[in-house]
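Here is a friendly briefing to read with the model open beside you. It takes the ligand site and then a small sheet with its helix.

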Amino acid sequence: MENNFENEISKFIQKIKHYLIVNFGKVESISSNEEFYLAFSYALREKIIVNWTATKYSIDESSAKKVYFICLEYLPGKFLSNNITNLNKLEIVKAVLNRMDRNLIEMIKLDVDPGLGNGGLGRLASCYLDSLTTQKYPSFGYGLRYQYGIFEQEIWNGVQIEKPDCWLLNEFPWEFRKDADARFVKYSGNIKPATNRYGDEVYSLEDFQEIRALPFDIPIVGYPDKNQKYNVSTLRLWSTKDSPRNFELQRYNAGQIGEASENSSLTDVLYPNDNNEVGKRIRLKQEFLLVSASIQDIIDHNIKIYGEVTNLPGKIQIQLNDTHPALAIVELIRIFITNHDLSYKKAFELTSQICNFTNHTILKESLEEWNEERVKTLLPRQYKIIEKLNYDFCSQIRAKYLNDEERVRRMSIIQDGQIKMAFLAIIGCNKVNGVAYLHTEILKNKIFKDFHEFYPEKFINITNGITQRRWLLECNLKLSEFLDNRIGENWRRDFSEIKKLKEFAKDKKTLEELRKIKQSNKLKLFEYIKKNNFIRDYKGKILSHYPVFDDLNVLVDVQIKRFHEYKRQLMNALHLLMLYNDLKNDINSRKVKRFVLMGGKAAPGYKTAKSVVLLFYLIAKKINSDPDINSKLKACLIENYNVSKAEIIIPAADLSEQISIAGYEASGTGNMKLSINGALTIGTEDGANIEMREEVTDQYWPFSFGLKKEEVEKILEDRSYRPKDIYENNEKIKNALNMLSNGSLTSNEFEKNSLNELYNFILFSTDNDKFFVLKDLQSFYDTQKKVEDLYIDPDKWNEYVIHNIGSMGKFSSDRSIEEYSNLIWNLKKCDLNEIIYERVKNDYFESSL
Ligand code: 26W
């Protein structure tokens, strides 16, 4: 055993030295940290590649049914730390670095956090790839390799500034460029109709534009099973950047500089919109690029294995993550009828047995629509198919509902010159799912009511989940050890085991240890904030760092998510003002110290969201600089919230703010991450909060508050929300709100105007504040008092914490993926084939050191 360990260490060291020589021409002692980081990553990567190769061959060899996950966004987080965790190599790596006089934290700092997504949707996609691979389901992810991910947020005197995220500035060691697998995607041009042998119209294309999509593959490492075996699957990201022919010299020479590079820069930037419609031509081009390249790839690969397409529904499934890749439906039909000699009818049948659609949002502004003319010009052949799909579908509706023309109009894919992508997705897919119970009910009974009536069997719920490997094992090592010591290690692969923790809910030693772990995580967070979370002036110059508490006995209260009105960061900010006023009146009015953290990005064009960022900044400034109260209350605006920061903040949190207006948050996943790390939730009855409460039971879920979905609907219906009345009749709310208009927070015209706008928006325009900030504020305030009452008794608090952690078994993405597989994909797990594995290992060892 000891020998093996030693052996592995020296081999690892040898490999690092090898890479330093062959890649950089350096001996170890003079290599820079950057070079060492790369050599170290390449050495670790070798472990992965053997299993990766063997996984691919094993799946193909056994003709196992496979799921293709297509998504415009991924937020994988850093790969180095995750790969060390999933390979179970922490001990080895530490020993290696120790002997080479290098530091793991330094190495992880150098690893980039690819921000190829906006928020919940992208992070969920990454959690799902982790669970799919760990559970050995044959799977493959497709996405785009944006040159610039989600912008880096800086806060200049309270104002959000967007900086490009240059994540590819240096060599990225986790990707493999695959020139041999490049695909060509066609846009625009003129269509020439013809008829296939079934009498269906097919179209060829002339004078089109052709763009080369080059894939970069990233291995996704699954967590090992009991025998230390693990699968590795692939995330394939397409790029148009590194294909020189995508640049159009003729246009450049004609002075059309921008147009000349449109295609080579197609995958340059991720659209930074979360829950907001984009509608731009380049975005449509991006969506189609992903769809077309991926579908060609899928069909070609499976034709190689199966020789034909008619058996594909039993062999492959495609999951469309929201409507963004919904054109996959159209493209599959088109390829089936043009290249595979199928009738339109058969092509549609196969397609709708292969594709499935997950909806992630019900906000009107985020339901995608594309202008009909835009689609017609950019994708003329696909447009023809959408027309046909719509014609056939409308005929079915007419037949079933006896010429109910109003219904036909409502359900039509094309309405008023716009193509409704969700309708297209529902019609072309086998299953449609929402991401939490309440969300799915809203889809069935409201947003897609007509469709649910027509296709009752199609709609199912699969509640979201998160991977406990990144969100506990990796980011909270101390809590992981605490769990291992009590319930063993099985929770890593089977999170239902976590329930065993509840047996320790009254064990004094356990409660004390839990408190200590939280404190040490707080210390880490505070150190981080002190060193890295800047306060900047209006030119971006760093003035200082946010102040933190010296004391670790402080309630860490966090709201971390994209800024959006429906998520109601504004309500949290107003509550903070109420707290401030309470303390100003009587410093002893509050029994616990509180540190209020808020982090998140606002979409660059979302004015109200940006004003809320400013408001929180100004409140924090006021509080932190007030010596009367700042020993009791502090606030901090976390700059550039992302996956890596989440991994520092979440383990330190006591209180998780999940306060969206009921009926608007599809699920939420931050709620689950915070909870498994021992934060209690203050939350509305929305999204997955409802199911979390159910699991935890009311007894240990004491901070539920606010209007229920039905109450929200009623108020909207009667138009009975009167914020002014609430303001007039509630002294505390009035005082807090007045601080937005009376200049007590602001020091220049811009700030004054921004806060005044928020003030007017909250009070006077029922039209605008659909999110009822004042309506839930008193109940939020009262519940926050209950939080403090519980927090002053650490043992009681931690008993609740144990029950919350112990009740989160359901919210592992392993459970979600199991349900996707059972209810939609019908996959079988595929272990590494021993013979293949040995063969790959042999090849590898022959050619390696
Ligand atoms: C077209 C612009 C656009 C971009 C992204 C519209 C909508 C989106 C996403 C679908 C928004 C999103 O991330 N939704 C979140 O998805 C999570 C994962 O299911 C849920 O947990 C969140 O509640 C939901 O807001």
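A polar contact here is a pair of N or O atoms within 3.5 Å. With that cut-off in hand, the ligand has such a contact with A666: a polar backbone atom of this residue is 3.4 Å from a ligand oxygen atom. Please keep in mind that this is a predicted model.

**Polar contacts of the ligand**
- The side chain of H360 places an N or O atom 2.6 Å from an oxygen atom of the ligand.
- E665 also contributes through its side chain, with a polar atom 2.6 Å from a ligand oxygen atom.
- On its own the ligand would expose 570 Å², and the protein buries 97% of that area.

**The shell around the ligand**
- There are 21 residues around the ligand, and those that come nearest are N276, H360, N464, E665 and G668.
- Sorted by class, this shell holds 12 polar, six nonpolar and three charged residues.

**A three-stranded sheet and its helix**
- Strands β13, β15 and β14 make an open, antiparallel sheet, in the order β13-β15-β14.
- β13 (369–371) and β14 (414–415) are the edge strands, each pairing on one side only.
- β14 is joined by two bridges to β15 (residues 418–420), and these two strands run antiparallel.
- If you would like a pair to look up, Q415 has Q418 in β15 as its bridge partner.
- Helix α15 (residues 421–428) packs on the sheet and touches β13, β14 and β15. The direction of α15 makes about 45° with that of β15.

Notes
Residues numbered from 1 in each chain as written. Predicted model: local features only at pLDDT ≥ 70, side-chain atom pairs only at ≥ 80, totals over all residues. Heavy atoms only, no water. Pairing = 2+ DSSP bridges. Helix = DSSP H or I, 4+ residues; strand = E, 2+ residues; numbered from the N terminus. Contact = heavy atoms within 4.5 Å. Axes fitted to C-alpha atoms, helices over the stretch in contact; angles between N-to-C directions. Near = heavy atom within 4 Å. Polar contact = N/O pair within 3.5 Å; in protein donor to acceptor, adjacent residues only side chain to side chain. Areas by Shrake-Rupley, 256 points an atom, 1.4 Å probe, with all protein chains shown as cover. Nonpolar A, V, L, I, M, F, W, Y, C, P; charged D, E, K, R; others polar.
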